[in-house]
Amino acid sequence: MSTDQEGRRSFALAITGASGAIYATRTMAALLERGCHLELVVSDYGRRLLRDELGDAASVDKLTEFLIARYGEGVRNGTTTLYSNKDLGAKIASGSQGCAGMVVVPCSMKTLAGIAHGLSRNLVERAADVMLKERRPLIIVPRETPMSLPQLKNMVLCAQAGAMIMPAMPAFYQMPKTLDDLAAFMAGKILSALGLSHDLYPAWE
Ligand SMILES: Cc1cc2nc3c(=O)[nH]c(=O)nc-3n(C[C@H](O)[C@H](O)[C@H](O)COP(=O)(O)O)c2cc1C
């Protein structure tokens, strides 16, 4: 398992402009609480989504403080490095980077298309392409409804290339009471897919 110099497990996490910013913040908080290092990249519309859906307090430059205020001091256990989506020379653009996996949460249909076709137009798409070519875990959390045939085909292409398609479809059998319960369900699914244990939702009995 890849770790940084301090022995932290590193994951790339991308936030793009699909509805569901709360899935991204809950996933970030859960990984940071577990002491992970996050290589974070947020597209322009991902930045807008954070503000539109969670308020100005969740803008990228204040995101760590937002996570601590919303999810608690445990978020300080981990570390985050933020990259520009335009920086195709960033560490996570290379196959030599040490991330153990990558999550695109939420993933817009535009970014899904870019990943499906290997376009590498920006750092999110390039970092995802790197995970596929290096055969490392890539978890894509698409959100759109209804879906067109090209969108469905793009999910198939990504799955065939080795990505895990994990649509933002929280379950209701856990009897969620809050939006945070729904977000925690998706975050838990993502952590499980990355091989991390968690107690984000009760195990099904
Ligand atoms: C408020 C808002 C909500 C959006 N929701 C979605 C969505 O759920 N799914 C989607 O694919 N695109 C959605 N979009 C459109 C994308 O943000 C848009 O296609 C953008 O170009 C995606 O770019 P990105 O992948 O670089 O973030 C939304 C846009 C806005 C402003």
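Me: What makes up the shell around the ligand, by class?

Reply: Welcome! This is a predicted model. By class, the shell holds four nonpolar, six polar and four charged residues. In total 14 residues surround the ligand, and the closest are G17, S43, S108, T111 and R143.

Me: What makes the approach of G17 to the ligand a polar contact?

Reply: A backbone N or O atom of G17 lies 2.6 Å from an oxygen atom of the ligand. The cut-off for a pair of N or O atoms is 3.5 Å, so this pair counts. M109 has a polar backbone atom 2.8 Å from a ligand oxygen. With R143, a polar backbone atom is 2.7 Å from a nitrogen atom of the ligand.

Me: How much of the ligand does the protein bury?

Reply: The ligand taken alone exposes 640 Å², and the protein buries 74% of that. Two elements give two or more residues to the shell: α2 (44–54) and α4 (109–116).

Me: Why is S43 called buried?

Reply: S43 has a relative accessible area of 10%. Buried means under 20%, so S43 qualifies. Its place is the loop between β2 and α2. Leaving out residues up to four places away in sequence, S43 touches I15, T16, G17 and N85.

Me: What makes α4 a mostly covered helix?

Reply: Six of the eight residues of α4 are buried. They are M109, T111, L112, G114, I115 and A116. These buried residues pack against β4 (102–107), α5 (123–133), β5 (138–142) and α6 (149–160). After α4 comes G118, whose phi is positive, near 60°.

Me: Why is α5 said to be largely enclosed by the rest of the structure?

Reply: Nine of the 11 residues of α5 are buried, so that description fits. Among them are L123, V124, E125, A127 and A128. The cover over the buried residues of α5 includes β1 (10–15), β2 (37–42), β3 (79–83), β4, α4 and β5.

Me: How do you know that N122 caps the N-terminal end of α5?

Reply: Look at the distance: a side-chain oxygen of N122 lies 3.2 Å from the backbone nitrogen of V124. The limit for a polar contact is 3.5 Å, so the pair falls inside it. Following α5 is R135, with a positive phi near 60°.

Me: Why does S120 count as buried rather than partly exposed?

Reply: Its relative accessible area is 18%. The buried class is under 20%, so S120 belongs there. S120 sits in the loop between α4 and α5.

Me: What makes the pairing of S120 with D129 a polar contact?

Reply: The two side chains come to 3.4 Å. That is within the 3.5 Å cut-off, so the pair counts as a polar contact. Not counting residues up to four places away in sequence, S120 touches L88, G114, E125, R126 and D129.

Me: Why is A30 called buried?

Reply: A30 has a relative accessible area of 0%. Since buried means under 20%, A30 meets the test. A30 lies in helix α1. Aside from neighbours within four places in sequence, A30 is in contact with L191 and L200. A30 and G78 are 48 residues apart in sequence, while their C-alpha atoms are 9.6 Å apart in space.

Me: Which residues have the most contacts inside the largest nonpolar core?

Reply: They are M28, L31 and V141, in a core of 45 residues. Each of β1, α1 (21–33), β2, α2, α3 (63–71), β4, β5 and α7 (179–193) supplies at least two residues of this core. The largest share, nine residues, comes from α1.

Me: What does L31 touch, not counting residues up to four places away in sequence?

Reply: L31 touches F11, L13, C36, L38, L191, L194 and L196. There is also a second, separate core of 26 residues, and it includes V41, I92, V104 and L138.

How values were computed
Residues are numbered from 1 along each chain as its sequence is written. This is a predicted model: local features need pLDDT of at least 70, side-chain atom pairs count only at pLDDT 80 or more; totals for chains, interfaces and linings use all residues. Side-chain values use heavy atoms; hydrogens and water are left out. A residue is near a molecule or strand if one of its heavy atoms lies within 4 Å of it. A polar contact is a pair of N or O atoms within 3.5 Å; within protein, one must be able to donate a hydrogen and the other to accept it, and residues adjacent in sequence count only if both atoms are side-chain atoms. Accessible areas come from the Shrake-Rupley method with a 1.4 Å probe; for residues, only the protein chains shown count as cover. Helices (H or I, at least four residues) and strands (E, at least two) are DSSP runs, numbered from the N terminus. Ala, Val, Leu, Ile, Met, Phe, Trp, Tyr, Cys and Pro count as nonpolar, Asp, Glu, Lys and Arg as charged, and the others, Gly among them, as polar. Buried means under 20% relative accessible area, exposed over 50%, partly exposed in between (1.4 Å probe, protein chains only). Contact means heavy atoms within 4.5 Å. A nonpolar core is a set of buried Ala, Val, Leu, Ile, Met, Phe, Trp, Tyr and Cys residues joined through side-chain atoms within 4.5 Å.
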